[in-house]
Amino acid sequence: TLENLRVTGLTLTERRAIHLHLDGVAQKWKAQNKEKNAERKWTWFKTMRLNFKSVEGQYWRHIQQYGPPGNHPYATRQNPDVGCPLIGKQCPLKADANPSYDNDYGYTEDAEYEVSTVQKADVDDQGAKAKQEAMEFARAKASNARSDKLKKHYKGKVIEVAKANGSCENMDELMDNMEMKQTKWIETRLTDGDVPNSEGVKKFLIEFREAINEVKLAVLQFAGRSGMQISGKRDAKNDKADIRSSVEIGLCEEVCESSKDFFDGIEEHLKKMGKEDKRITLDIKLLTEMLNDLHDRNVATLKVMGIERPEPSRKWKTRAELTVEVQVKLGPSPEEIAALEAEEEEYYPPARPPNPFAGGGGGRGDLMSAIAGRGRGGPGRGDLMSAIAGRGRGGPGRGDLMSA
């Protein structure tokens, strides 16, 4: 059915086409929303339209800042502050052009549907290849286990299982996006310094607002899935029953924790830049309150079900862990290298030059010569025993060991 189709991963052009195609019939769904089937379709259309508007807003703001297609320069190593700094699909223009609909691809004679395939990279490093295969196997195993648990919880109801699977995929995608953005911001700060120029501050603020808006849309969807009232003034009395499975609730708890760490990271960046933004601060405060309500609902539902919180399905990384990873990737800074070298010289000073007064004549710079040099007598006393005997500082007849 329509409401079970995923809309994640669509380009802006595809979202616009779907919105335009369904806009007329969606008004009929809205008028008939008292009927369950029409209500589900209208809810799906509203979510799709919100996502479309969010992506479209990012697209036009990006064009306003860096230029339209055809006049959209990209930053280079020589000029890192000139042009779009985003790489690959992070740039809204490149994301919308993959695939490109500028060309006429024609039409097939019969109905044909896209088949999604995953092309595995041919990794030369056998260790890396084995690790990649192990990760794919573990991911597939976890996905199958999740699907089995959802089928058991919803007693084989296909529509409910599909909704739950879609919600879990959206939560995974949200955490991946937050981790990617955190890594990018941390790397920029470590590379360019805590206080960027005015253009850099402006860029950061735009990205922070867009990221918060993305989290907001996702959290509203997850909260609605839990039965929470998400429209109007919040009142727990108007909440509906929570029918989610323990799998969804456990993953939702991970979203709550990672989102709060994500917001703390944004506030930390603002503090280091010495910048205040009331809009960002207010949005974070409201979203944190909603996440706390969602957390309380998760705990209450698990308590009613009589089960403990499931083990984490994935290892999301805090900003502290991401900072360490980025630091390892970038390597030590010139200041850190100088400090390490100074510390090394302190603990391991350079070797002393040989003492010119040790050993007397030439050719006596080894250990035995140094020892022999302790015998301060005349010729014939240049060995170890002579050195020992030399401790007797008296006249003839007292130069042996016992005399010493």
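**Figure 1. Contacts across the chain.** In this predicted model, residues 24 or more positions apart account for 67% of the contacts with a separation of 6 or more. The protein holds 12 helices and zero strands. From the N terminus on, the order of elements is therefore α-α-α-α-α-α-α-α-α-α-α-α, with helices counted as DSSP runs of at least four residues. Of the 404 residues, 31% count as buried. The exposed area of the protein is about 27,300 Å². Carbon and sulfur atoms supply 54% of that area.

**Figure 2. The second largest pocket.** Its volume is about 1,100 Å³. Three elements give two or more residues each to the lining: α2 (36-66), α5 (158-192) and α6 (198-225). Helix α5 gives the most, with seven residues. In total, 32 residues line this pocket. Nearest its centre lie P80, P85, T188, D192 and K203. By class, the lining of the second largest pocket splits into 13 nonpolar, nine polar and 10 charged residues. Rolling a probe the size of a water molecule over the atoms shows where empty space is left.

**Figure 3. An aromatic pair in helix α2.** The protein has six aromatic pairs. One of them joins W42 and F45. Their ring centres lie 6.0 Å apart, and the angle between the planes is 20°. The pair counts as stacked because planes under 30 degrees apart fall in that class. W42 and F45 sit three residues apart in helix α2, so about one helical turn separates them. Both W42 and F45 are buried.

**Figure 4. An aromatic cluster.** Five residues make up one aromatic cluster: W185, F204, F208, F262 and F263. Ring centres within 6.5 Å of each other count as a pair.

**Figure 5. The surroundings of S167.** S167 belongs to helix α5, the element that also gives seven residues to the lining of the second largest pocket. Is S167 buried or exposed? S167 counts as buried, because its relative accessibility is 7% and the cut-off for buried is under 20%. Which residues does S167 touch, leaving aside those up to four places away in sequence? The partners are F222, R225 and E248. Each of these contacts has heavy atoms within 4.5 Å.

Notes: Residues numbered from 1 in each chain as written. Predicted model: local features only at pLDDT ≥ 70, side-chain atom pairs only at ≥ 80, totals over all residues. Heavy atoms only, no water. Buried < 20%, exposed > 50% of the residue type's maximum accessible area, 1.4 Å probe, protein only. Areas by Shrake-Rupley, 256 points an atom, 1.4 Å probe, with all protein chains shown as cover. 1 Å grid on protein atoms, 1.4 Å probe; cavity = no way out; pocket = protein on both sides within 12 Å on 5 of 7 lines; lining within 4 Å. Points joined across faces, edges and corners; volume = space filled by probe spheres on them. Nonpolar A, V, L, I, M, F, W, Y, C, P; charged D, E, K, R; others polar. Phe/Tyr/Trp six-rings, centres within 6.5 Å; stacked < 30°, edge-to-face > 60°.
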